[in-house]
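Me: Please take a close look at one part of this model, beginning with how its strands pair. I am new to the structure, so a connected account that leads from that part to others would be welcome.

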Amino acid sequence: MRNKYTFAATLLAATMLSGAASAKTLVYCSEGSPEGFDPGLYTAGTTFDASPRTIYNRLVEFKKGTTEIEPALAESWDVSDDGLEYTFHLRPDVAFQTTDFFTPTRTLNADDVVFSFERQLKEDNPWHNYVAGGAWEYFNGMGFPDLISSIEKVDDMTVKITLKQQEAPFLANLGMDFASIVSKEYSDKLEADGQMQLMNQQPLGTGPFEFVAYQTDAVIRYRAHDEYWKGREKIDDLVFAITTDAAVRAQKLAAGECHIMPYPNAADVAGMKENPDLKVMEQEGLNIAYLAFNTQMAPFDNAQVRKALSKAINKEAIIDSVFQGQAKPAKNPIPPTMWSYNDAVEDDSYDPEAAKKMLEEAGASGLSMKVWAMPVARPYMLNARRAAELIQSDFAAVGVNVEIVTYEWAEYLSRSKDVDRDGAVLLGWTGDNGDPDNFLHTLLGCDAVGGNNRAQWCNEEFDALVNKAKRTSDRDERTKLYEEAQVVFKREAPWVTLDHSLVVMPMRKEVEGYVMDPLGIHSFSGVDIAE
């Protein structure tokens, strides 16, 4: 399997880990390549790990290992009595990174914050469409263009964001990766030089590690930010050794070629736990895996067809085969560990005979369709190809012919957003802020059609419930609304809900300070390697 990766990348990782260099280096065997390095343009966790979680900061962030918001680039904030004005007081003396490609002349100020959001908000901003085919998918999908009235610089260290209506999860949303703060000074230089595309290739922020180089599909190199506002990291160099095959990641970890790896094959976990050189962390994931039909394309525009196909899938077989039992069948679009989970909802039972009859009644007997399978392991779906094969077999049993298709990861994510996409897509989600809105509105709201809403599903009843919940501050009332929304979702079945998984993180025993995160964040800030 090693011939899948360049000799240069393998040699680089092995050399650094062996201690040939005097610097303290941590090597992370990542599961895939980033789509780019501008945090506002993407929604995939692989990309977030490589960019906003290493290079950038946000106004507020989640306390490590929790869903609790804490101050970050904003050291404090005020909210008006009507809940419409948020005034952020910026932390003084926050340094941007000095890199081989840019040397900043000033520290963070309000101009950076205003620019970071206005480029996503305003269509006439010169940076709004600077990447061909790019979109501010998260910003738009969460309804921010319709929510934000204005973003104002009050003074050099104060920014006021005014909303058009109340938004209960607004602060939590600002802790998410798409809300990372970029350097306006660096952006101005790129624009003046006619090199705007480099914003997505040579990132620069205020975070714990600064970007050094990226060898496509092989390795990303970072070094510690000497002037990081929280204090310099204990690690001198951070290396992402991109290794898409989970078995190869496991081999590299056992051989000492990397310190940490995500998403091991379930069958390998027991052996890792027995290896005295390794330690294995586990945590119940705040996640969901699903099969999203394109509800705007016949016959998937018919809820009876979708319900029939849901009944045709043996979820337990997928969990046994892909996760070795380390997952739970999913019935709702949010995980059971999240507040407002509606346990009273009844799942679609596995019933091939009923599924076949429902398809006949809907005039969809003999259906042929495509099932898209992800090319990379994700926490919610360790082996999408295997899951797709099991679904293919289940559908064949009810007279449905399935062709399994896949694409390179960035292309898969891009193509699967198309409103005219064929078939059904295997995908999933790990919550980014601990709020039900981040699942129900972000993945299934009308605002997200053509983006995160891979089902292309816009249901007025559902959308009204989740939008009302967003604008309600009382958690009990929000809970009732979200519970109702889950009932509508299950009735209409835009997805087959597949599983909620246990997340497993194996690492070398000498790794210290790594904290598993309920939001699926792989953060190396605060991590050390024992001498």
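Reply: Strand E9 (residues 219-224) and strand E10 (residues 237-241) are antiparallel partners joined over 5 bridges. Pairing requires at least two DSSP bridges between two strands. The model is a predicted one, in which local features need pLDDT of at least 70 and side-chain atom pairs pLDDT 80 or more, while totals for chains, interfaces and linings use all residues. Residues are numbered from 1 along each chain as its sequence is written, and side-chain values use heavy atoms, without hydrogens and water. Strands (E, at least two residues) and helices (H or I, at least four) are DSSP runs numbered from the N terminus.

Within the pairing of E9 with E10, Val219 has Ala241 in E10 as its bridge partner. Both strands belong to an open sheet of 4 strands whose order is E1-E10-E9-E8, and whose pairing is mixed. At the edges of this sheet stand strand E1 (25-28) and strand E8 (209-215), each of which pairs on one side only.

Helix H8 (residues 246-255) may be considered next. Its buried residues are Ala246, Val248, Arg249, Ala250, Lys252 and Leu253. Here, buried means under 20% relative accessible area, exposed means over 50%, and partly exposed lies in between (1.4 Å probe, protein chains only). After H8 comes Gly256, which has a positive phi near 80°.

A second sheet invites the same reading. This open sheet has 4 strands in the order E4-E5-E7-E6, and its pairing is antiparallel. Its edge strands are E4 and strand E6 (148-155), and each of them pairs on one side only. Between E5 and strand E7 (residues 158-163), which run antiparallel, there are 5 bridges. On this ladder, Glu85 stands opposite Thr162 in E7.

The same sheet leads on to the aromatic side chains. The structure holds 31 aromatic pairs. Rings of Phe, Tyr and Trp (its six-membered ring) pair if their centres lie within 6.5 Å, with planes under 30 degrees apart called stacked, over 60 edge-to-face and the rest tilted. One of the pairs is formed by Trp77 and Phe88, which are tilted, with 6.5 Å from centre to centre and 45° between the planes. Trp77 lies in strand E4 (residues 74-79) and Phe88 in strand E5 (residues 85-90), so this pair ties together parts that are 11 residues apart in sequence. The two partners can also be described by their accessibility: Trp77 is partly exposed, at a relative accessible area of 23%, whereas Phe88 is buried, at 0%. Both belong to one aromatic cluster, in which Tyr86, Tyr138, Phe139, Phe144, Phe170, Phe178 and Trp429 also take part.

One loop residue deserves separate mention. Asp177 is located in the loop between helix H6 (170-174) and helix H7 (184-192). Asp177 counts as buried because its relative accessible area is 6%. Neighbours within four places in sequence set aside, Asp177 is in contact (heavy atoms within 4.5 Å) with Pro39, Phe48, Pro52, Arg53 and Arg58.

Further loops contain backbone features worth locating. Between Ala298 and Pro299 the peptide bond is cis, its omega being near 0°. Pro299 belongs to the loop that runs between strand E12 (287-293) and helix H10 (303-312).

Gln324 is not a glycine, although its phi is positive, at about 50°. This residue sits in the loop between helix H11 (315-323) and strand E13 (327-329). With a relative accessibility of 47%, Gln324 is classed as partly exposed.

Ser340 likewise is a residue other than glycine with a positive phi, here near 85°. Its loop extends between E13 and helix H12 (352-361). Ser340 is counted as buried because its relative accessibility is 6%.

To return to the starting point, the antiparallel partners E9 and E10 stand side by side in the order E1-E10-E9-E8 of their open sheet.
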